[in-house]
Amino acid sequence: MSRVDEIFAAYLNKGSRAYGGERVNQLEHAIQTALLAEQSGADAPLIVASLLHDFGHLVHNFGEDVFSRGLDDRHEIIGAGKLSAFFGDAVTMPIKLHVDAKRYLCAIDHAYQNNLSPASTWSLKLQGGPFAAAERDEFIKRPFAADAANLRRWDESAKQFGLLTPNLEHFRKHVQACLIVATEHD
Ligand code: FE
């Protein structure tokens, strides 16, 4: 199985999982997020990060209702960690930072916070709420923080029930292009 197929398998096998309280499933949400990135002219690594940003939700074993049980699954850390075997920082860092990016955006943009879905508002509480001023200023200086903030805006818009989109294969070329060079152990 190719490395791209290995990643896609998680979506094809588990992508019908609920996206915690939203009206789209994990696969639909991933594709909609990546499509928004692509339509916005993002480069390949950021499109791939957008596609795979919730990979951690698919590979953890806390159950589909993890947030409603009041647990923060730290899916951004789990996902970025697993994907670091396949991609460099330009893909994994926006993924790792996408939850902090929500806390950042809520601190700078009240309209963004007011438009969060109910599930996102609930998980924001579990994730620590909007950043305070010092955390906000610190965050945006970090490498890939601006990419993570863009990803996070697409993420929030990628919850449209019944939207017609290309399928996962549409993104294969981008995923393939971002793979780190295979080692002898691959
Ligand atoms: Fe998401």
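User: Which residues are the protein donors of the iron ion?

Analyst: In this predicted model, the protein donors lie 2.2 to 2.4 Å from the iron ion. Two of them offer an NE2 atom, two an OD atom and one an OH atom. The donors are His-29 (NE2), His-53 (NE2), Asp-54 (OD), Asp-155 (OD) and Tyr-19 (OH).

User: How are the donor residues of the iron ion spaced in sequence?

Analyst: His-53 and Asp-54 are both donors, and they appear side by side as H-D in the spacing pattern. Written in full, the pattern is Y-x9-H-x23-H-D-x100-D.

User: How many residues apart are His-29 and Asp-155, a pair that links distant parts of the chain?

Analyst: His-29 belongs to helix 2, which covers residues 26-39. Asp-155 belongs to helix 11, which covers residues 145-157. In sequence, the two are 126 residues apart.

User: Is Asp-155 buried or exposed?

Analyst: A residue counts as buried when its relative accessible area is under 20%. Asp-155 has a relative accessibility of 0%, so Asp-155 is buried.

User: Why does His-29 count as it does, buried or exposed?

Analyst: The limit for a buried residue is under 20% relative accessible area. Because its relative accessibility is 1%, His-29 counts as buried.

User: Which helix gives the largest share of the largest nonpolar core?

Analyst: The largest nonpolar core has 32 residues, and those with the most contacts inside it are Tyr-11, Leu-51, Leu-52 and Phe-87. Several elements give two or more residues to this core, including helix 1 (3-14), helix 3 (44-52) and helix 6 (89-96). The largest share, six residues, comes from helix 3.

User: Which donor of the iron ion is in contact with Tyr-11?

Analyst: Neighbours of Tyr-11 within four places in sequence are left aside here. The remaining contacts of Tyr-11 include Leu-51, Leu-52, Phe-55 and Leu-168, as well as Asp-54. Among the iron donors, the residue that appears in this list of contacts is Asp-54.

User: How many helices and strands does the protein chain have?

Analyst: From the N terminus on, each element of the protein chain is written as α. The secondary structure therefore reads as helices without strands. The count is twelve helices and zero strands.

User: What radius of gyration does the protein chain have, and how does it agree with a compact globule?

Analyst: The C-alpha atoms fill a box of roughly 45 × 35 × 30 Å along the principal axes. With 186 residues, a compact globule would have a radius of gyration near 16 Å. The protein chain agrees with this, because its own value is 16 Å.

Methods:
Residues are numbered from 1 along each chain as its sequence is written. This is a predicted model: local features need pLDDT of at least 70, side-chain atom pairs count only at pLDDT 80 or more; totals for chains, interfaces and linings use all residues. Side-chain values use heavy atoms; hydrogens and water are left out. Donors are N, O and S atoms within 2.8 Å of the metal (3.2 Å for Na, K and Ca); water is not among the atoms, so sites may look incomplete. Helices (H or I, at least four residues) and strands (E, at least two) are DSSP runs, numbered from the N terminus. Buried means under 20% relative accessible area, exposed over 50%, partly exposed in between (1.4 Å probe, protein chains only). A nonpolar core is a set of buried Ala, Val, Leu, Ile, Met, Phe, Trp, Tyr and Cys residues joined through side-chain atoms within 4.5 Å. Contact means heavy atoms within 4.5 Å. The radius of gyration is taken over C-alpha atoms; the globule rule is 2.2 Å times the number of residues to the power 0.38.
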